[in-house]
Amino acid sequence: MKESQELFRRARLKMPGGGCAGGRIHRVLERPLYLERAEGSHIVTVDGEEYIDYHCGAGGILFGFNHPRLKEAIRKCVEKGFFMNFDSDYTLEFAELFTKLVPTVEKIRLTNSGTEATMAAIRLARAYTGKDLILKMDGHFHGMHEMIWYNGGVGTDLDEYGEARNVIPETPGFPQGAENHVKLIEFNNPYAVEHAFEKYKGRIAAIIMEPVNYDCGCVPSTKKYMKRVRELCSREETLLIFDEVISGLRFRPGSAQGYYGVQPDLSTFAKAVANGFSLALIGGREEIMDLLNPVGPVVCSGTSSGNLMSVMAGIECLKMALEPGFYDKIEETEQMLCGGIDDLFRKHKVPGHVRSHGAQFALYFGYEEPELDYTLSETVKRFRPDLYRQFVKECLAEHLYFYYGGDKPFPHHCGFTSAHTKEDVEITLEKMDRIFRKMKF
Ligand SMILES: Cc1ncc(COP(=O)(O)O)c(C=O)c1O
């Protein structure tokens with residue numbers, strides 16, 4: 001721990017809170033986890049401690065760390081001159097592969113982060129529809145910008161129609177009145193969407209949602225709800241934006257939208273599309289995408305957008321996701337790991353359960369009924385952050401890395417990668433067996 005403690009001491013002098021981002025501070029460690037290297041499913045700290053990783057770079061890593069194919073792509077990129085602010089045949093190859101993998105995406109525009117992608121999607125929706133309001137689901141996260149970062153899902157006061165009485169910025173510093181452009185409703189509540197369309201008739205430019213709300217654990221949309229949202233958006237000439245920044249590439253076929261069989265008008269992707277390299281995108285129907293400059297008037301551009309290294313890494317990721325067997329392995333690991341943890345909850349009579357969807361999962365300490373996970377307010381009433389904190393602490397002692405961002409009334413999303421082996425899972429379950437035996441409820 002000596003190296004880490006010394007780094008943290010120095011870091012606090014030069015960075016607010018000692019981290020390059022607020023979320024880097026692990027709230028059990030009360031400092032960042034300082035890595036020395038990472039390989040496959042394993043991470044090694046500057047103190048020489050090795051962990052099996054279940055945080056996966058907050059969803060950035062799907063193919064494991066230091067993947068040989070990505071290493072080779074980066075080596076090639078460096079040989080080519082490691083350029084940015086130019087397009088190349090690789091940019092086109094990425095676009096062709098992506099539109100093959102996600103068929104609702106007819107054209108793409110590259111950005112550097114999910115935040116930029118959702119900003120562009122919302123801007124585009126307003127420009128395309130000529131309407132102003134954006135309808136957001138309670139608890140869904142789409143980046144930290146003024147267009148959409150309101151009500152983090154912690155006790156939103158909903159009225160009898162499932163609409164938030166107040167739309168509250170998640171941070172000080174937003175311009176006054178920015179919140180008036182956003183309306184917020186309860187997720188998975190079809191009456192709330194119907195009511196919002198009636199109340200704000202002709203004013204809603206877009207509904208933006210995570211198809212699976214990983215930012216409050218692992219809250220899937222019901223298929224019925226998703227279908228209804230799609231029908232209403234089409235009827236009301238409102239665009240449906242799927243934010244697949246976390247779900248992207250984590251499911252077959254073609255991410256969450258393929259799983260639900262619902263076609264969004266626009267989608268945003270980031271994180272796993274380049275296994276954590278700074279690559280994100282907005283994509284969708286050609287007619288809408290062609291409103292972007294230089295064809296249309298809507299601006300979405302960036303100095304480092306489509307930089308060669310991220311694009312070349314992204315190509316390898318898309319190729320791997322398209323290979324037969326890739327999702328078989330993901331599903332096998334999901335079943336073995338999440339099924340195994342669920343069995344341990346029952347074996348040790350720990351109140352709780354696991355919910356997984358693709359390569360992401362969440363541990364719902366506090367209650368045993370998975371059917372309640374669909375409604376955030378039910379989770380918030382029952383979830384036990386104290387047990388989750390205790391669990392994460394014990395996991396760290398056993399060298400299993402789970403992230404803890406603070407006491408929230410819902411679980412943090414966890415993940416695994418295609419590099420997690422059967423042996424990793426067996427070791428994990430053995431360790432968790434000991435942890436659950438030790439835990440006090
Ligand atoms: C669903 C979702 N959308 C958007 C974002 C923002 O992406 P980024 O952190 O790349 O800006 C995140 C980040 O966690 C996310 O989970």
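**Exercise 1. How do the residues of the shell around the ligand divide into nonpolar, polar and charged?**

Before you start, keep in mind that this is a predicted model.

Step 1. List the shell. Around the ligand you'll find Ser113, Gly114, Thr115, Phe141, His142, Gly143, Glu210, Asp215, Asp243, Val245, Ile246 and Lys271.

Step 2. Sort them. Glycine counts as polar here, and the shell comes out as three nonpolar, five polar and four charged residues.

**Exercise 2. Find polar side-chain atoms that sit close to N or O atoms of the ligand, using a cut-off of 3.5 Å.**

Step 1. Start with aspartate 215: an N or O atom of its side chain is 2.8 Å from a ligand oxygen.

Step 2. Move on to aspartate 243, where a polar side-chain atom lies 2.6 Å from a nitrogen of the ligand.

Step 3. Now try lysine 271. One of its polar side-chain atoms is 2.8 Å from an oxygen atom of the ligand.

Step 4. Check how covered the ligand is: on its own it exposes 390 Å², and the protein buries 82% of that.

**Exercise 3. Describe how helix α4 packs with helix α10.**

Step 1. Locate the pair: α4 spans residues 89-101, and α10 spans residues 308-322.

Step 2. Look at the geometry. The axes are 9 Å apart, at an angle of about 30°, and the crossing is left-handed.

Step 3. Pick out who meets whom. From α4 come Tyr90, Thr91, Glu93, Phe94, Leu97, Phe98 and Leu101. On the α10 side, the residues they meet include Leu308, Val311, Met312, Ile315 and Leu318.

Step 4. Sort this contact too: 12 of its residues are nonpolar, two are polar and two are charged.

**Exercise 4. Track down two cis peptide bonds and a positive phi.**

Step 1. Recall the usual picture: most peptide bonds are trans, and most residues other than glycine have a negative phi.

Step 2. Go to the loop between β10 and α8, where proline 253 is found. A cis bond joins arginine 252 to this proline, with omega about -20°.

Step 3. Next, visit the loop between α9 and α10 to find proline 294. The bond from asparagine 293 to proline 294 is cis, with omega near 10°.

Step 4. For the phi, try asparagine 151 in the loop between β5 and β6. Its phi is positive, about 45°, though it isn't a glycine.

**Exercise 5. Which residues does arginine 109 touch, leaving out those up to four places away in sequence?**

Step 1. Find arginine 109 in strand β4, residues 107-111.

Step 2. Collect its contacts: Ala280, Leu281, Ile282, Met289, Leu292, Asn293, Pro294 and Cys300. Pro294 is also the proline of the cis bond after asparagine 293.

Step 3. Compare chain and space. Arginine 109 and asparagine 293 are 184 residues apart along the chain, while their C-alpha atoms are separated by 10 Å.

Step 4. Zoom in on cysteine 300: its backbone oxygen lies 2.8 Å from a polar side-chain atom of arginine 109.

Methods. Residues numbered from 1 in each chain as written. Predicted model: local features only at pLDDT ≥ 70, side-chain atom pairs only at ≥ 80, totals over all residues. Heavy atoms only, no water. Near = heavy atom within 4 Å. Polar contact = N/O pair within 3.5 Å; in protein donor to acceptor, adjacent residues only side chain to side chain. Areas by Shrake-Rupley, 256 points an atom, 1.4 Å probe, with all protein chains shown as cover. Axes fitted to C-alpha atoms, helices over the stretch in contact; angles between N-to-C directions. Helix = DSSP H or I, 4+ residues; strand = E, 2+ residues; numbered from the N terminus. Left-handed = near helix turned anticlockwise from the far one by under 90°. Contact = heavy atoms within 4.5 Å.
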